[in-house]
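Here's a quick walk through one chain, with a few stops at spots worth a click. Have the viewer open and follow along.

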Amino acid sequence: MPVYYFIFGWTVFWGCIANMTARQVSLGEDKYRFKVNIFIAIISFSAVVIFAGLRTHVADTTAYINMFNEWPVGFSEISTLIKDSDNPGFILLGVFIKTYISTDYTVWLFIIATITGICMMIGFYRYSSNFALSSFLFIATCNFTWMFNGMRQYLVIAILFAFSNWIVEKKWIRYIILVLFLATIHRSAIAMIPMYFIVNGEPWNKRTTVVILTVILCIVFAGNVLSLFDSVMMQSDYATGYSEFKKSDDGVNIITIIISAIPVVISYIFRKQLSDKYTPIMKISTNMSIIAVCVYIISKITNSGILVGRMAVYFTTYNLILLPWLIDTAFKSKERMLMKYTMIICYLALFYYQMEISFNGFGYVSKILNMHY
């Protein structure tokens, strides 16, 4: 646990330094934001990248290490290896690293952690109105733990987040090609193709109604949908693990749903005041946030935290830039400070609860760093 407290302190400290040295830039139409120094932004994310990259055992890390060790050096056997796999892109990346860079799994883990961490940092650097607060939320909400547990899916999520400007700029061909490529790393990415068309619009418009109606339909037909998912999973590489997890799967924790709904509630209450203040990325982030809550509700009702609940992370990532913007934009000066302090206290409590109680300390082992917690 001391490792994660250090990551927390390091990330937030350098995030605040980044904010204090930021320069104001124009977004057009009398809209401005503060842009942080890219070098300081990289430093702020260095701790989480280093500890994630040098880990030996955290949650599912052992399974990933065993996978890497079983992959061949060279591409002579690659056709057999990827023939029946649902993640050929991930295998090709791993074999490439093992063949041309290093056969040491630590190098592979470090490369994955670096790509993921840099992509998340780029997302905050490009889109956040408050880099320090977004960095704080990244750690306090325990989003960073996906870099230690579930790194394959989070690699995809982070890359898509970094390239959100393609959604803003409506470069749909580039975005869809990127999604199709990332789907070879984690199949769930394919769901982001229809999402591109759903989130491109004004918050709380007719599309929002369509999304909510879709959620209701999903709830009504949840049995058939989950049966299809079960069938797909039981034929995948994760059949054994999935069967075991499914026995104890009761959907997403209600606390998670409440937390993810906070930006949605604020944006709805202040929807009239915010209507002419939205920047393009914040319109998309609001719609992503609405979808996240819908996905979590489906997960809870259908008792499917494994299949449905994990999909929400694609959308909750946008809460990390949306919530700071909402607080700065929706509230007046005195209210704004009260909201920020209240938010910080609540999320500190959430971090403690998640790490100490829910994750039971989230043990960390690193042979290179000689750490064992």
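Let's start right after helix α20, where Asn360 takes a positive phi of about 55°. Keep in mind that what you're looking at is a predicted model.

Stepping back into the helix itself, α20 covers residues 333-358. How far apart should the ends of its 26 residues be? At 1.5 Å a residue, the expected span is 38 Å, and the end C-alpha atoms sit 35 Å apart, so the two agree. Several residues of α20 are buried: Lys340, Met343, Tyr347, Leu350, Phe351, Gln354 and Met355. And what do these buried residues pack against? Their partners are α1 (2-20), α7, α15 (254-269) and α19 (319-330).

One of those partners, α15, holds Ile262. This residue touches Leu323 and Tyr347, leaving aside residues up to four places away in sequence. Tyr347 is already familiar as one of the buried residues of α20. Ile262 itself has a relative accessibility of 33%, so it counts as partly exposed. Ile262 also pairs up in space with Ser289: the two are 27 residues apart in sequence, with 9.3 Å between their C-alpha atoms.

Now for the backbone again, since Asn360 isn't alone. Cys142 has a phi near 65°, a positive value in a residue other than glycine, and Lys170 has a positive phi of about 55° although it isn't a glycine either. Both are in loops: Cys142 between α7 (131-140) and α8, Lys170 between α9 (165-168) and α10 (172-182). Are they buried or exposed? Cys142 counts as buried, because its relative accessibility is 3%, whereas Lys170, at 53%, counts as exposed.

Lys170 turns up again among the neighbors of Asn200. Asn200 is in the loop between α11 (192-199) and α12 (206-220). Not counting residues up to four places away in sequence, Asn200 touches Ile167, Lys170, Arg207 and Ile284. With Ile167 there's a polar link too: a polar atom of the Asn200 side chain lies 3.4 Å from the backbone oxygen of Ile167. For all that it's a loop residue, Asn200 counts as buried, because its relative accessibility of 13% falls under the 20% cut-off.

Next, two isoleucines in other helices. Ile112 is in α6 (residues 105-127), and its relative accessibility of 1% means that it counts as buried. Its contacts, again without residues up to four places away in sequence, are Phe90, Leu93, Met151 and Leu155. Ile50 is in α2 (residues 38-53). Unlike Ile112, which is buried, Ile50 is partly exposed, with a relative accessible area of 36%.

Here are the C-alpha pairs for the three isoleucines, side by side.

| Pair | Apart in sequence | C-alpha to C-alpha |
|---|---|---|
| Ile112 and Leu93 | 19 residues | 9.8 Å |
| Ile50 and Ile7 | 43 residues | 9.7 Å |
| Ile262 and Ser289 | 27 residues | 9.3 Å |

Then there's the empty space. How many cavities of 30 Å³ or more does the structure hold? It holds two. The second largest has a volume of about 30 Å³. Its lining is made of Ile157, Leu160, Phe161, Met192, Tyr314 and Tyr318. Which helix gives the largest share of that lining? That would be α8 (residues 151-162), with three residues. As for character, the lining divides into six nonpolar residues, no polar and no charged.

Finally, zoom out to the whole chain. It has 20 helices and four strands. Of its 373 residues, 52% count as buried. Long-range contacts are well represented: among contacts between residues at least 6 apart in sequence, 76% join residues at least 24 apart.

Technical notes: Residues are numbered from 1 along each chain as its sequence is written. This is a predicted model: local features need pLDDT of at least 70, side-chain atom pairs count only at pLDDT 80 or more; totals for chains, interfaces and linings use all residues. Side-chain values use heavy atoms; hydrogens and water are left out. On a 1 Å grid over the protein atoms alone, a cavity is a set of points where a 1.4 Å probe fits but cannot get out, and a pocket is an open set with protein on both sides within 12 Å along at least five of seven lines; lining residues have an atom within 4 Å of a point. Grid points are joined across faces, edges and corners, and a volume is the space filled by probe spheres set on the points. Helices (H or I, at least four residues) and strands (E, at least two) are DSSP runs, numbered from the N terminus. Ala, Val, Leu, Ile, Met, Phe, Trp, Tyr, Cys and Pro count as nonpolar, Asp, Glu, Lys and Arg as charged, and the others, Gly among them, as polar. Buried means under 20% relative accessible area, exposed over 50%, partly exposed in between (1.4 Å probe, protein chains only). The expected span of a helix is 1.5 Å times one less than its number of residues. Contact means heavy atoms within 4.5 Å. A polar contact is a pair of N or O atoms within 3.5 Å; within protein, one must be able to donate a hydrogen and the other to accept it, and residues adjacent in sequence count only if both atoms are side-chain atoms.
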